[in-house]
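User: Could you give me a close look at one helix of the first chain and the sheet it sits on? I'd also like to know how its surroundings link up with the second chain.

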Amino acid sequence: MPEDGLTEHALRNQAAWSTWAEEYVPGAERNWARDEIAWGILKVPETEVQMLGEVAGKDVVELGCGTAYVSSWLARRGARVTGVDLTAEQLATARRMQAEHGLEFPLVRASAEAVPLPDASFDLAVSEYGASIWCDPDLWIAEASRLLRPGGELVFLVNGTFLMLTSPDIDPAQPAGTELLRPYFGMRRFEWVDDPSVDFHLGYGDWIRVLTSHGFEVEKLVELRNPGHDSGRYDMFTAEWAEQWPAEEMWKARKLA
Amino acid sequence: MTSPDATHNRANWDRRSDEYQERNAAFIGRKDEPRWGMWQLPDSELGILGDVAGKDVLELGCGAAQWSILLGGRGARCVGLDNSARQLEHARRLMAAAGVEFPLVHASADEVPLSDSSFDVVFCDHGAMTFADPYRTVPEASRLLRPDGLLAFSHSTPLAMCCFDDEAETMQRRLLTPYFGMHRFDELPDEPVEFNLPYGEWIRLFREHGLRVEALVEVRPPEGAETTYRTAAETEWARSWPMEEIWRCRKTG
């Protein structure tokens with residue numbers, strides 16, 4: 001284990017995100033200014049997928065919050081949120097957004113694989129392309145389980161399994177085709193050409209295994225679909241691809257009592 | 001009321017039963033231990049059913065009842081259900097040869113003439129969960145199970161359904177069929193109608209009917225695994241991508 005107790009991939013991802021943070025400022029400004037909760041690259045409204053339920057009065061932790069726009073949506077709806085992210089530059093953007101919007105909540109600089117917060121202190125843990133893809137699944141799911149109270153909920157969004165089988169590269173992104181480019185068995189840790197970061201993607205059976213082995217019951221899997229009327233351009237897939245196959249998926253699990 | 005798909009599949013399986021048993025019966029009729037699926041991997045390795053002694057077990061789509069004969073020999077009280085009379089004739093023949101007796105029910109799994117809460121295990125191996133509509137069979141399986149009972153079934157993966165080439169009648173390393181909206185497959189007129197759903201829709205359907213997901217085992221055949229169901233090239237495909245999978249769900253409260 002390297003210094004600070006960080007895993008090797010956490011250090012690499014921290015370094016990568018410190019250089020990418022500036023590119024994510026415009027997105028942070030757009031998302032913080034947004035009223036509606038909408039998930040993922042496809043921006044599917046929460047009203048449609050209903051992953052969260054009522055959040056008012058809940059203690060919420062966002063694992064790998066980046067610029068903390070998801071936290072901002074939940075804070076405005078009455079949740080007591082805490083954002084956790086390892087990258088100082090991303091948290092700096094989050095703090096500036098907090099000041100601009102007059103919406104303060106705690107931000108903790110840490111990896112979601114080792115969170116310096118007490119056991120059983122949250123009702124909801126959420127991650128949208130945060131810990132959910134940048135952390136080792138067994139490590140961050142274990143942390144989410146530890147941080148949640150019995151009966152607490154975990155909601156996270158990841159790239160679709162079908163997308164990870166067909167995506168030529170993610171940085172620079174090339175749109176997925178139909179050819180299966182890599183095996184499903186053994187899928188877990190991904191490294192890309194000319195990209196120092198490490199991301200993690202599991203197949204369906206492995207997600208169920210990881211969640212149940214850390215004390216969760218799987219409640220819901222929603223595979224986000226391009227609604228069809230959206231002809232928007234995306235880097236990783238075409239609108240037409242995302243009408244046929246799942247480009248993004250959201251899991252909801254409940255911590256057993 | 002018998003559904004049109006159940007009627008179609010009954011006639012189809014009555015017609016194909018003899019050839020099916022001739023091709024596969026020896027392969028799936030091994031008596032050493034319970035084995036799943038197209039590559040006959042042991043239940044003891046996959047961890048699906050475990051000990052069945054003393055349990056009431058219903059097989060949904062038992063065919064010639066190779067599974068139920070084996071589980072009966074391990075102390076289960078089995079009932080075999082199949083939609084095809086011809087398949088059940090083969091079952092009676094194998095049961096007589098094995099010197100065992102248990103009830104066989106001639107019915108479609110989407111309308112089972114058996115009582116609520118009467119089984120500890122409801123299962124099938126590429127059976128009724130493939131050849132009948134899950135929107136009807138999942139509620140039926142749930143109704144038939146006692147609290148804490150087990151639903152376990154193998155079937156083709158949704159990924160395999162997307163990669164099956166109807167014209168070449170083989171697997172391709174390419175997505176050919178849309179995933180969203182997957183439900184009923186009837187493209188091949190001489191084949192039975194098959195059913196499958198997107199992963200998220202399976203989970204939603206299980207939970208709607210009081211079934212908690214315990215595991216989804218994606219089957220990977222060992223290198224060079226033998227099968228009477230698939231070509232060597234298809235077995236090779238299944239070494240990289242899951243072609244069959246086994247769901248294990250628990251009836252709640």
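Analyst: Here's a walk through the helix, its sheet and then the second chain.

First, some housekeeping: this is a predicted model, where local features need pLDDT of at least 70 and side-chain atom pairs count only at pLDDT 80 or more, while totals for chains, interfaces and linings use all residues. Residues are numbered from 1 along each chain as its sequence is written, and chains are lettered from A and ligands numbered from 1 in the order in which they are written.

The helix is α4(A), residues 69-76; helices (H or I, at least four residues) and strands (E, at least two) are DSSP runs, numbered from the N terminus. Seven of its eight residues are buried, so to speak mostly covered. Buried here means that 20 or more other C-beta atoms, placed from the backbone, lie within 10 Å of a residue's own; 12 or fewer makes it exposed, and anything in between partly exposed. The buried set is Tyr69(A), Val70(A), Ser71(A), Ser72(A), Trp73(A), Leu74(A) and Ala75(A). And what sits over them? The cover includes the helices α2 (25-32) and α5 (88-101) of chain A, along with the strands β3 (59-63), β4 (80-85) and β6 (122-128). Just past the end of α4(A), Gly78(A) takes a positive phi of about 95°.

Now for the sheet underneath. Chain A has an open, mixed sheet of seven strands, in the order β5-β4-β3-β6-β7-β13-β12, where pairing requires at least two DSSP bridges between two strands. At its edges are β5 (107-109) and β12 (216-224) of chain A, each pairing on one side only. On average, neighbouring strands in this sheet are turned by 15° against each other, ignoring direction. For angles like these, axes are lines fitted to C-alpha atoms, for helices over the stretch in contact, and the values run from 0 to 180 degrees between N-to-C directions.

Zooming in, β3(A) and β4(A) run parallel and are joined by five bridges. One of the bridge pairs puts Asp59(A) with Arg80(A) in β4(A). α4(A) packs on the sheet here, touching β3, β4 and β6 of chain A, and its direction makes about 175° with that of β4(A). Contact, by the way, means C-beta atoms, placed from the backbone, within 7 Å. α9(A) packs on the sheet too, touching β12 and β13 (248-255) of chain A, with its direction at about 150° to that of β12(A).

β4(A) deserves a word of its own. Five of its six residues are buried, so the strand is largely enclosed by the rest of the structure. The chain gets there from β3(A) by way of α4(A), and this β-α-β crossover is right-handed: with the strands pointing away from the viewer, the path from the first strand over the helix to the second runs clockwise. Glu62(A) is also bridged to β4(A), with Gly83(A) as its partner. Going on, β4(A), α5(A) and β5(A) make a right-handed β-α-β unit. Three bridges join β4(A) to β5(A), again in a parallel run, and Asp85(A) stands opposite Arg109(A) in β5(A).

What about the second chain? 24 residues of chain B are in contact with 25 residues of chain A. On the chain B side, α8 (199-208) and β12 (211-218) each supply at least two residues, and β12(B) gives the most, with seven. That side of chain B divides into 13 nonpolar, two polar and nine charged residues, where Ala, Val, Leu, Ile, Met, Phe, Trp, Tyr, Cys and Pro count as nonpolar, Asp, Glu, Lys and Arg as charged, and the others, Gly among them, as polar.

Chain B has an open sheet of seven strands, also with mixed pairing, in the order β5-β4-β3-β6-β7-β13-β12. Its edge strands are β5 (104-106) and β12 of chain B. Here's where α9(A), residues 204-213, comes back: this chain A helix lies across β12 and β13 (244-251) of chain B, running at about 130° to β12(B). From chain B, α8(B) lies across β12 and β13 of that chain, at about 145° to β12(B).

Methods: Two residues are in contact if their C-beta atoms, placed from the backbone, lie within 7 Å.
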